[in-house]
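Colleague: Got a minute to walk me through this model? I'd like to go strand by strand, then look at some helices.

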Amino acid sequence: MTFPKLNLTSALQDFYFITYPGPWAGHIPFAYWLVNMHKPEIIVELGTFRGNSYFNFCHAVKNFGLDTKTYAVDTWEGDEHGGFYGGHIYHEVKEYNEKNFPLFSTLIRSTFEESVDKFFDGSIDLLHIDGYHTYDAVRSDFEKWLPKLSKRGVVLLHDISVFTNNFGVWKFFEDLKKKYPCFHFSHSNGLAIVMVGSDIPDGLLNLNENLPDNTLWRKASVAFSRLGRLCEHAAEAQGRIESLIRTEQENSLSLLERIKQLENEAVQLHAIADKDNQKIEKLKGTTTLLMGEKKQLIDMLKAAVSIKEILSNYRGQLKILEQKCHEKDNEIHYLNSKINTISGLINQKDIALTAMKQSSSWKVTFPLRSISIAARKGITFSKLLAQGRIGDIKTILLAPYKNLKRGKRVANISGFSGETQGAASVTIVATQHTLFIAYILASSLTSLGFDVAVTTEMPKDYTARFYFVVCAQMFDRLPPAEKRVCVQLEQSSMSRWFTDKYVSVLRQSLAVIEYSSSGLSFLDGLGISYPKVFYVKIGGLPDYVNFLKNYGIQIPATEKEYDVIFYGDTNNIRRKRMIDIVSEKYRVKVINNLFGEELYTEISKAKVCLNIHYYEDASLESTRIFEALSIGVPVVTETSDDVCDYDFSLYGDSIAFAEVGDAEQIVSLIGKIIDKGITVPTSANRQTGAIFNFYISRLMMALDTIDFRRLYSSSRRLTMDHKVIALSMPETHERRSMVMSKVSTDTTIFSGLRATPGWFGAACSFKYLAKKLLESGVEHALIFEDDAEFISGMSPQEILAFALRIKENECDWDVFSAFISDLHYDAKIRAVFTVESHECVLLNRMVGMVCNVYSRKALELIAQWDETDRNIETNTIDRYLEAFDDLRIVTTLPFLVGQSERVSSSMWGIKNIQMKQMITSSSNLLFEKVWEFKAANTLRDNNAEGNVFRR
């Protein structure tokens, strides 16, 4: 009989849930394979304990995206075979289940017999029996639950390889083999797979060990045994480590305290002996006894140090296992890189083909190709000439040149018309009423070195590299999605514009620009979120009047003819009402259908530009506001919830905000501006324009079209002199909301740079901040990421002050780290000291950028980070700093800051909860190193004391 090959891909996972004790651990890879192969709709486990089998079933369901319900049935009290235990085990299992599988996993705390009626007959596809292991008990469990099994029913029986302590699962399995197709594995106490259903997948039936000469089953047994061996070793190592850590933590502190207590008693006894000679002999005897006890305690401490060395050996073995896993990851990375290389070659061919079609030779030979096409259709020049149709020949020859001249009106600030071409070309397509956005985009992109064209008509051919489409919903035809950047200006309060078609356009585009924080949240609700969405804060355009001359727009210098101008849609009751009230006192010009030069000429004739919301709960009409300010006209506007997104303090009194709907306040504010003759400061437009330019540079760096140096050069007008900085990306609005709730007014929130991979963007953010801080002369700065949790009760400002007190009075550190996520195994403890009841530790290495205070030396090192080196093993920003083993790092034990487990890492694309084990290991390793340092000091002091007595 010929058997198919066994595909083990699904058994290989980046993460396995492993706990101790782990007699089931060796079957974990098979669990993933089985779930993927069988795809059960309902899984029930009888006997779960700490979840070594159950949670791997759940992870398999989650990883493979199955619509499966899982149930764990257990009393969580234990039995004679497995031992009895307290309720803490159930609470551990419940907490892990609720955090990771709330949608499909249910824990049922009862006996097996009490739970059987909770399930319909024929409903369970996979049943795992791992309860009390006597023959009668397992037979009873099987027979009571058998009716609940579906036609696809499969039963797993654990511990078939255990023949002692009255275990009888092996015997019952021998009975079942005579009745059902079965196979088994002998490793990890043995696991039997009994296929009781009538509709079992072939992938399982092929493993039936009752089939003659079933080599597939034997190969599977060997393969899954080898795969499970690493899991078994990991479970055993984890159990030994947990036991040693508990013993060490319980004993070491009491030993140190007892030694200190005995030393104090000995000192007191010596003092008493000096004062009372009559008690000297008695005190000597007592001292001898105490010294003997102290010697015993020192011996115990030495034994504890030996245990610590054993623990280190186990950790070394664990690192070897981790290295093997890392080597497998590298193999996967190599295969992915090969795929990317092939994809790159395909893209190069596509680019070469596009370039050929855009070349002069292609255009010059167009008439010849036209003639060729005409010839293939049977219309040759000879026939046309014979018929005297000279005009038709001329039409054919001139057609390509007419097509070139037939393009729409396009403005280009590089000095030519027509759509731009080439790798660094950008075409901006905008409606008439959004040209201001097009112009500030053009200004920023040109400063970054792009050839930019601006047009109000959609190009016929899409030969540019990128197309920025402003208000894409206004165009019937759009550029290809892979070239399209949609500039989304519609307010979320006007949801009528967000049709299914428009939402689909946004989702498919290369990138989406959103200008308001409320808009980011709204788009996220539509499934348009990070990393597709980019926040860009609209700003002014300095010297806008002269800039417009590049587009043939002349705004003549003119006297002020109107007090107030309002432009926009006036088909709205609330706008009409407030305009009427303002008109009672001031000359008001209302414009609703002018664009370009005519509109700007009218705006320049006004003393004040009035902005009124279309809806009361609307976002700020920042486009209209900054357009007027850029022309040099002050603005009076209704306020809004998102007004805090902008720093209008730069404009002084040239912009004034009234409460929504308060027409009288609007009239008053207009009067103040007119009476005082207030003008718009040019420096404000320059600064807000620089901020806008930063966000556009951030976008283009994320699209991998400019490098860090170009971005930093374009941000030369921006400064950073704050000492407390939160690093956060506005597009991850959940994390941004978290950090907004934590910070005070003296904390600056910096919008982190974006790049692929995420760690590279994070590193560029730290380099950007370091360079800006150094340029501003800042000596110390605290930088924290937006998922930092200030668990100690100290605010960022208080942590900075605490760190500086340590630097001044205790230790001259280079970095004060409030949280170390992954302590280097070779990190050295140089000192342990106490400051204000906090135990402080001086180290030579650190890893973790969640919350640190940096000295000027550390900032200089970060500023020198090489952004051209994309080695993830050595050049992530934390690994880069870790390589400097001469740094002086101070941290506290416990840490002052934690990391939120509720959010996802924008750097690594995983849930923070997945890094919990690494963080816990880091904290434990620091505790061990501190304990070892203290123990060594105690032993050294004891030896010195013994030498004094001997002398």
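Colleague: Which residue of strand 24 does V724 stand opposite?

Modeller: V724 stands opposite L782 in strand 24. Before we go on: this is a predicted model, where local features need pLDDT of at least 70, side-chain atom pairs count only at pLDDT 80 or more, and totals for chains, interfaces and linings use all residues. Residues are numbered from 1 along each chain as its sequence is written, and side-chain values use heavy atoms, with hydrogens and water left out.

Colleague: Fine. In what sense do strand 22 and strand 24 pair?

Modeller: Parallel. Strand 22 (residues 724–728) pairs with strand 24 over four bridges. Strands here are DSSP runs of E, at least two residues long, and helices are runs of H or I, at least four, numbered from the N terminus. Two strands pair if DSSP finds at least two bridges between them.

Colleague: And strand 29, parallel or antiparallel to strand 24?

Modeller: Antiparallel. Strand 24 and strand 29 (residues 851–855) share five bridges. A781 sits opposite Y854 of strand 29.

Colleague: How many residues of strand 24 are buried?

Modeller: Six of its six, across residues 780–785. Buried means under 20% relative accessible area, exposed means over 50%, and partly exposed is in between (1.4 Å probe, protein chains only). H780, L782 and F784 lie on one side, with A781, I783 and E785 on the other. In a regular strand the side chains alternate between the two faces of the sheet.

Colleague: What about C851 in strand 29, buried or exposed?

Modeller: C851 is buried, with a relative accessible area of 1%.

Colleague: Where is K857?

Modeller: K857 is in helix 27 (residues 856–863). At 36% relative accessibility, K857 is partly exposed. Its C-alpha is 9.4 Å from that of H780, which is 77 residues apart from K857 along the chain.

Colleague: What is K857 in contact with?

Modeller: Leaving aside neighbours within four places in sequence, K857 contacts D814, D886 and L887. Contact means heavy atoms within 4.5 Å.

Colleague: New topic. How many disulfides?

Modeller: Zero. The rule asks for a pair of cysteine sulfur atoms within 2.5 Å. For C486, the nearest cysteine sulfur is that of C471, 10.0 Å away. C486 is also buried, at 1% relative accessibility.

Colleague: Now the open sheet. What is the strand order?

Modeller: The order is 5-2-1-6-7-9-8, seven strands with mixed pairing. Strand 5 (105–109) and strand 8 (182–185) are at the edges; each has a single partner strand, so one side of each lacks a neighbour in the sheet. The twist averages 15 degrees from one strand to the next.

Colleague: How do strand 1 and strand 6 pair?

Modeller: In the parallel sense, over four bridges. L46 stands opposite I129 in strand 6.

Colleague: Which strands does helix 5 lie across?

Modeller: Strand 1, strand 6 and strand 7, and helix 5 runs at about 170 degrees to strand 6. Axes are lines fitted to C-alpha atoms, for helices over the stretch in contact, and angles run from 0 to 180 degrees between N-to-C directions.

Colleague: Which residues of helix 5 are buried?

Modeller: In helix 5 (residues 135–145), Y135, A137, V138, D141, F142 and W145 are buried. Their packing partners include helix 4 (112–115) and helix 6 (169–177).

Colleague: Last one. At what angle do helix 14 and helix 22 pack?

Modeller: About 60 degrees, with their axes 10 Å apart. Helix 14 brings I440, L441, S444, L445 and S447 to the contact, and helix 22 brings F692, N693, I696 and M700.
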